[in-house]
Amino acid sequence: MTRVVVVGDLMTDTVARAAYPLAKGSDTPAAVTTHGGGSGANVAAWLAVEGTDAAFVGRRGSDIAGRNRDMELMGYGVDARLVMDQERPTGTCVVMVTHKGDRTMLSDPGANAALLPEDIERCKDLFSGGTHLHLSGYALINEGSRKAAIHTLEIARKTQMSVSVDGGSSSPLKRMGAEPFLEWTQGARLLVVNAKEAEILTGRDTPEQAAKVLTAWYPQVVITTGADGALWYTNGRPEPVTVAAEPVEKIIDGTGSGDAFVAGFLPPWLDGKQPADALTAGCRLAARAMQHLGARPTLDVVDNQIK
């Protein structure tokens with residue numbers, strides 16, 4: 001089984017799930033809980049829980065939240081290489097979830113914004129041929145961590161690691177612009193984005209069209225399409241491979257479902273399984289993530305460790 005090294009963001013998510021439609025200018029009853037988050041850390045956690053040898057490189061504050069996030073990752077079985085920032089707090093995200101499961105996020109990157117090339121160099125033992133790198137798009141989108149993200153990609157290329165990259169999030173990706181993102185990540189073996197991110201990167205309004213355009217930069221492209229599932233495409237195929245989403249009776253919280261998809265997709269894809277099998281595994285894990293609060297797997301052992 002291929003080891004996966006994830007480089008990216010670590011956050012504390014405060015999730016407020018509304019019981020009813022939001023009452024503008026007034027109160028709405030909600031369940032408010034705190035969880036580990038950050039797209040990169042989420043991918044690493046789901047990978048480890050599913051049995052993949054996973055490492056995570058990132059940055060945290062010297063606060064209690066940072067210590068708890070560190071212990072959580074260890075509880076999942078992740079080889080966590082977190083640099084402690086003495087000046088910035090651990091990143092925080094407020095996740096507002098409607099009564100229908102839709103979510104809006106307000107994020108403060110905190111220590112994530114100070115990830116440095118030197119931090120990556122400290123973990124250079126993780127980078128070697130036969131190991132896979134997954135880079136969180138947030139590391140590139142955030143100006144403070146961008147040099148570290150680009151340095152990570154350079155090391156991966158020099159050591160002949162296979163590389164996958166995700167799109168981070170549509171709104172900050174749009175603010176940054178498609179051209180820089182495509183330039184920095186060109187050469188990655190796999191791009192994983194959702195339909196909105198694919199449209200921003202290509203200007204095409206259908207995932208199928210966007211996937212075909214994106215293969216000018218990436219040998220393989222995966223686009224998640226929400227309730228419709230996901231598709232995979234590579235040059236030379238007449239049409240993309242598509243897989244339907246796993247049915248979910250009730251979405252509790254969609255936070256982290258895209259990260260879970262990546263973690264479900266990567267192992268069978270790295271093992272050379274058929275794209276349809278990898279897409280199915282990704283959709284299955286994404287469906288699991290939607291059925292509980294928070295972006296990470298639920299583990300009693302983690303709860304006990306941080307109390």
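This passage describes the overall make-up of a predicted model, one of its strands with the partners of that strand, a set of salt bridges and one buried threonine. In this predicted model, local features need pLDDT of at least 70 and side-chain atom pairs count only at pLDDT 80 or more, whereas totals for chains, interfaces and linings use all residues. Residues are numbered from 1 along each chain as its sequence is written, and side-chain values use heavy atoms, with hydrogens and water left out.

The UniProt record, an unreviewed entry, lists residues 1-298 under "domain: Carbohydrate kinase PfkB"; positions from UniProt are in the numbering used here, its feature names are shortened, and its annotations may be inferred rather than shown by experiment. Over residues 1-298, helix makes up 36% of the chain and strand 25%, and the C-alpha atoms of the two ends lie 24 Å apart. Helices (H or I, at least four residues) and strands (E, at least two) are DSSP runs, numbered from the N terminus.

Strand 6 (residues 91-97) contains methionine 96. In a regular strand, side chains alternate between the two faces of the sheet. Along strand 6, Gly91, Cys93, Val95 and Val97 point to one face and are buried, while Thr92, Val94 and Met96 point to the other face and are not buried; buried means under 20% relative accessible area, exposed over 50%, and partly exposed in between (1.4 Å probe, protein chains only). With a relative accessible area of 36%, methionine 96 is partly exposed. Strand 6 pairs with strand 2 (residues 11-18) in the parallel sense over 7 bridges, where pairing requires that DSSP finds at least two bridges between two strands. Valine 97 of strand 6 has arginine 17 opposite. Strand 6 and strand 7 (residues 103-108) run antiparallel and are joined by 6 bridges, with valine 94 standing opposite leucine 106 in strand 7. The hairpin of these two strands has 5 residues between them, and in this hairpin glycine 101 takes a positive phi near 100 degrees.

Val94, Met96 and Leu106 also form a nonpolar surface patch, together offering about 240 Å² of accessible area. Such patches are made of residues with over 30% relative accessible area and no salt bridge, like charges being joined within 9 Å and nonpolar side chains (Val, Leu, Ile, Met, Phe, Trp, Tyr) within 5 Å; accessible areas come from the Shrake-Rupley method with a 1.4 Å probe, and for residues only the protein chains shown count as cover.

The structure holds 14 salt bridges, each defined as a side-chain nitrogen of Lys or Arg within 4 Å of a carboxyl oxygen of Asp or Glu. In one of them, the closest N and O atoms of aspartate 79 and arginine 3 are 2.9 Å apart. This pair links distant parts of the chain, 76 residues apart, with aspartate 79 in strand 5 (residues 79-85) and arginine 3 in the segment before strand 1 (4-7). Aspartate 125 and arginine 81 likewise meet in a salt bridge (3.0 Å, N to O). Aspartate 125 lies in the loop between helix 3 (117-122) and strand 8 (132-135) and arginine 81 in strand 5, so the pair ties together parts that are 44 residues apart in sequence. Aspartate 125 counts as exposed at 53% relative accessibility, whereas arginine 81, at 21%, counts as partly exposed. Through shared partners, salt bridges join Arg3, Asp53, Asp79, Arg81 and Asp125 into one network.

Threonine 185, in helix 7 (residues 178-185), is buried, with a relative accessible area of 0%. Apart from neighbours within four places in sequence, threonine 185 is in contact (heavy atoms within 4.5 Å) with Leu140, Leu153, Arg157, Val165 and Tyr218.
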